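Me: I am new to this structure and should like to be guided through it by questions and answers. Could the helix contacts, the cores and the loop be taken in turn?

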Amino acid sequence: MIHRAKKRWWKEHWFYFTIPALIIYVWFMAFPLLNSMRLSFYTGTGLVPTEFVGLKNYVELFTNPLYKDRLVGALKNTLILFAICMGIQNTLGLMFANMLSGRLRGAAVYRTIIFLPATISVLVTGFLWKLILNPHWGAVNYLLVNLGFDQFYGYPWLGKPETAMIMVGLITAWQWVGIPTMIFLAGLQGISEDLLEAAAIDGASGTQIFWRIKLPLLTPVMGIVSILTFVGNFNAFDIVFAMTNARGAPEYSTDIMGTLFYRVGIAGEHPVAEPNMGIGASIATVIFFILFVGVSLWLISRERAAKNS
């Protein structure tokens, strides 16, 4: 009788226990987001624009070459960063997770080594790799030259538009590969051992088990990892700031959405050199809607796939 009364009380009052978390979320997440959207309709000097201009900031953002060209370039570079992280970071994460899920001696040590870069500050990581990639005395060029690749003597990896964004993407993938590794590992450990043993008894090789059993069952996990990567790349800022600068040098080749927002809304875009909080808020709103559309499309596709299955 007492157990039933407690159960009924929980069903009727569970919502009250979510109120503290809801207050924190609304105050620190929802309110700043809505306020940023509100600021995108205003202009003026200072940190709080007061003159209402409607959609003028968006018109300026999408038509004025000063902002439009930088927006297109930043979007392109952000998508390049996303492609590198998806192709290298998440692929390696899946491979490492598959290795660690087996009977690998010293798996705990390897897990620590793989995850360790993710515990380092992004600014520290960017500064260290900037030193390693130094064209004159950096370890990368020194190693390549000693291996016989003399054409890389003094090669400025972060000084050429052709290679700068690629290097930023590779270093981002190196630092965060531990995150997808742990997520994929958790997904692999959730697969029933009976299923894997039955496949092995039927004569399936390790490769066949991975491609035909493990990988299909990891599809939801792969979707989550993709969404986390997508959101993380569009919110990235500090790795570019540490390795090149807020202007995405050289020649804006490493300029991404985060640095564009910082430069326009906080630091001031060249040659104006005066912060424009209204257009900065417009850029933040554009980033939000890109993320919203991307995540929504994934959720819709997952729902359709679940209905079809």
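The questions and answers below concern a predicted model.

Me: How are helices α9 and α12 oriented to each other?
Reply: The axes of α9 (residues 178–189) and α12 (residues 219–234) come within 10 Å and cross at roughly 165°. Angles over 145 degrees count as roughly antiparallel. The orientation of α9 to α12 is therefore roughly antiparallel.

Me: What is the handedness of the crossing of α9 and α12, and which residues of α12 make the contact?
Reply: α9 passes α12 in a right-handed crossing. From α9, the contact draws on P180, I183, F184 and G187. The residues of the contact divide into seven nonpolar, one polar and no charged. On the α12 side they are V221, M222, V225 and L228.

Me: Which residues does F184 contact, leaving aside its neighbours within four places in sequence?
Reply: F184 is one of the α9 residues that make the contact with α12. With its neighbours within four places in sequence left aside, F184 is in contact with N90, G93, L94, A97, L218, V221, M222 and V225.

Me: Which helix gives the most to the largest nonpolar core?
Reply: The largest nonpolar core has 19 residues, of which L94 and F184 touch the most other members. At least two residues of this core come from each of α4 (65–101), α5 (107–115), α9, α10 (193–201), α11 (206–217) and α12. With four residues, the helix that gives the most to this core is α11.

Me: How many residues are in the other core, which lies apart from the largest one?
Reply: Among the members of this other core are L81, C85, L144 and W157. The number of its residues is 17.

Me: Is G223 buried or exposed?
Reply: G223 is found in helix α12. Buried means under 20% relative accessible area. G223 has a relative accessibility of 8%, so it counts as buried.

Me: How are α10 and α11 oriented to each other?
Reply: The axes of α10 and α11 come within 11 Å and cross at roughly 160°, and the crossing is right-handed. L195, L196, A199 and A200 of α10 make the contact with I209, I213, K214 and L217 of α11. By class, these residues are seven nonpolar, no polar and one charged. The orientation of the two helices is therefore roughly antiparallel.

Me: How are α2 and α15 oriented to each other?
Reply: The axes of α2 (residues 19–39) and α15 (residues 277–308) come within 7 Å and cross at roughly 125°. This angle is not over 145 degrees, nor does it fall within 65 to 115, and the rest count as oblique. α2 and α15 are therefore oblique.

Me: Which residues of α15 meet α2?
Reply: α2 passes α15 in a left-handed crossing. The contact has seven nonpolar, three polar and no charged residues. From α2, the residues are L33, S36, M37 and L39. In α15 they meet G278, A281, A284, T285, F288 and F289.

Me: Which residue does a cis peptide bond join to P250?
Reply: P250 lies in the loop between α13 (238–243) and α14 (257–267). Omega of the cis bond is about 0°. The residue joined to P250 is A249.

Me: Is E251 buried or exposed?
Reply: E251 is placed in the loop between α13 and α14. Although not a glycine, E251 has a positive phi of about 55°. Its relative accessibility is 68%, and exposed means over 50%, so E251 counts as exposed.

Technical notes. Residues numbered from 1 in each chain as written. Predicted model: local features only at pLDDT ≥ 70, side-chain atom pairs only at ≥ 80, totals over all residues. Heavy atoms only, no water. Axes fitted to C-alpha atoms, helices over the stretch in contact; angles between N-to-C directions. Parallel < 35°, antiparallel > 145°, perpendicular 65-115°, else oblique. Left-handed = near helix turned anticlockwise from the far one by under 90°. Contact = heavy atoms within 4.5 Å. Nonpolar A, V, L, I, M, F, W, Y, C, P; charged D, E, K, R; others polar. Core = buried A, V, L, I, M, F, W, Y, C linked by side-chain atoms within 4.5 Å. Buried < 20%, exposed > 50% of the residue type's maximum accessible area, 1.4 Å probe, protein only.
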